[in-house]
Amino acid sequence: MSTTLTAEQYLARSIQLATANVHNSGGPFGAMIVTADGRTFDGVNRVTADHDPTAHAEVTAIRTACRSLGTHDLTGAVLYTSCEPCPMCLASALWARIERSSSPRTGMTRPRSASMTPFSTNTSRTGTGTNCCRWPSLS
């Protein structure tokens with residue numbers, strides 16, 4: 001018997017997280033990061049509970065995964081969310097190099113455009129040193 005969960009089960013888990021979070025003074029949003037090797041990290045919305053406008057479920061899941069793994073690079077990971085991610089959450093997924101996101105409304109999508117150059121190698125929009133943030137190439 002396989003213990004591998006399906007995308008639908010991960011989505012169901014993100015919805016369960018959202019529902020439970022309402023009973024814990026949080027907003028009705030939940031998210032999960034599933035890494036390429038199958039590790040999972042949960043996040044729930046804590047905007048009003050923590051007085052933090054950036055504490056969306058997707059961002060808290062990304063923060064938890066990155067902190068636990070000791071890296072900002074979640075290449076190959078999938079973000080499962082209880083609803084469609086906002087622009088801030090999609091941007092956070094992009095910066096974390098998350099491969100795909102999935103929500104009940106949108107299904108599987110790719111936050112990273114196929115035409116985007118990795119941040120660390122793109123110097124087309126900077127004229128400064130190598131320690132500066134890089135914009136993705138949109139051409």
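In the predicted model, the loop between α1 (7-22) and β1 (30-34) contains Ser25. This residue has a positive phi of about 65°, although Ser25 is not a glycine. Ser25 is exposed, its relative accessible area being 53%. A second non-glycine residue with positive phi is Arg97, for which the angle is near 65°. Arg97 is placed in the loop between α4 and β4. In contrast to the exposed Ser25, Arg97 is buried, with a relative accessible area of 13%.

The loop that holds Arg97 leads from α4 to β4, and β4 takes part in strand pairing. Strand β3, residues 78-81, pairs with strand β4, residues 100-103, in the parallel sense, and the pairing extends over 3 bridges. Between β3 and β4 the chain passes through helix α4, residues 87-95, and the resulting β-α-β crossover is right-handed. Within the pairing, Val78 is positioned opposite Arg100 of β4.

Charged side chains were examined next. Side chains of opposite charge can pair when their charged atoms come close. The count of salt bridges in the model is 3. One of them joins the side chains of Arg13 and Asp42, with an N to O distance of 2.7 Å. Arg13 belongs to helix α1 and Asp42 to strand β2 (residues 40-44), so this salt bridge ties together parts that are 29 residues apart in sequence. Both partners are partly exposed: the relative accessible area is 32% for Arg13 and 30% for Asp42.

Another salt bridge links Arg39 with Asp37, and here the closest N and O atoms are 2.9 Å apart. The two partners fall into separate accessibility classes. Arg39 is partly exposed, at a relative accessible area of 43%, whereas Asp37 is exposed, at 52%.

A further salt bridge is formed by the side chains of Asp52 and Arg63, at 3.8 Å from N to O. Asp52 lies in the loop between α2 (47-50) and α3 (57-69), while Arg63 is part of helix α3, so the contact ties together parts that are 11 residues apart in sequence. Asp52 is partly exposed, with a relative accessible area of 23%. Arg63 is likewise partly exposed, with a value of 33%.

The cysteines were considered last. The model holds 0 disulfides. For Cys86, the closest cysteine sulfur is that of Cys89, at a distance of 3.6 Å. A disulfide requires sulfur atoms within 2.5 Å, and the separation between Cys86 and Cys89 is therefore too far for a bond. Cys86 is partly exposed, at 22% relative accessibility. Cys66, by comparison, counts as buried, with a relative accessibility of 16%. The cut-off that divides these two classes is 20% relative accessible area; the value for Cys66 is 16% and that for Cys86 is 22%, so the two cysteines are assigned to separate classes.

Methods: Residues are numbered from 1 along each chain as its sequence is written. This is a predicted model: local features need pLDDT of at least 70, side-chain atom pairs count only at pLDDT 80 or more; totals for chains, interfaces and linings use all residues. Side-chain values use heavy atoms; hydrogens and water are left out. Two strands pair if DSSP finds at least two bridges between them. Helices (H or I, at least four residues) and strands (E, at least two) are DSSP runs, numbered from the N terminus. A crossover is right-handed if, with the strands pointing away from the viewer, the path from the first strand over the helix to the second runs clockwise. Buried means under 20% relative accessible area, exposed over 50%, partly exposed in between (1.4 Å probe, protein chains only). A salt bridge is a side-chain nitrogen of Lys or Arg within 4 Å of a carboxyl oxygen of Asp or Glu.
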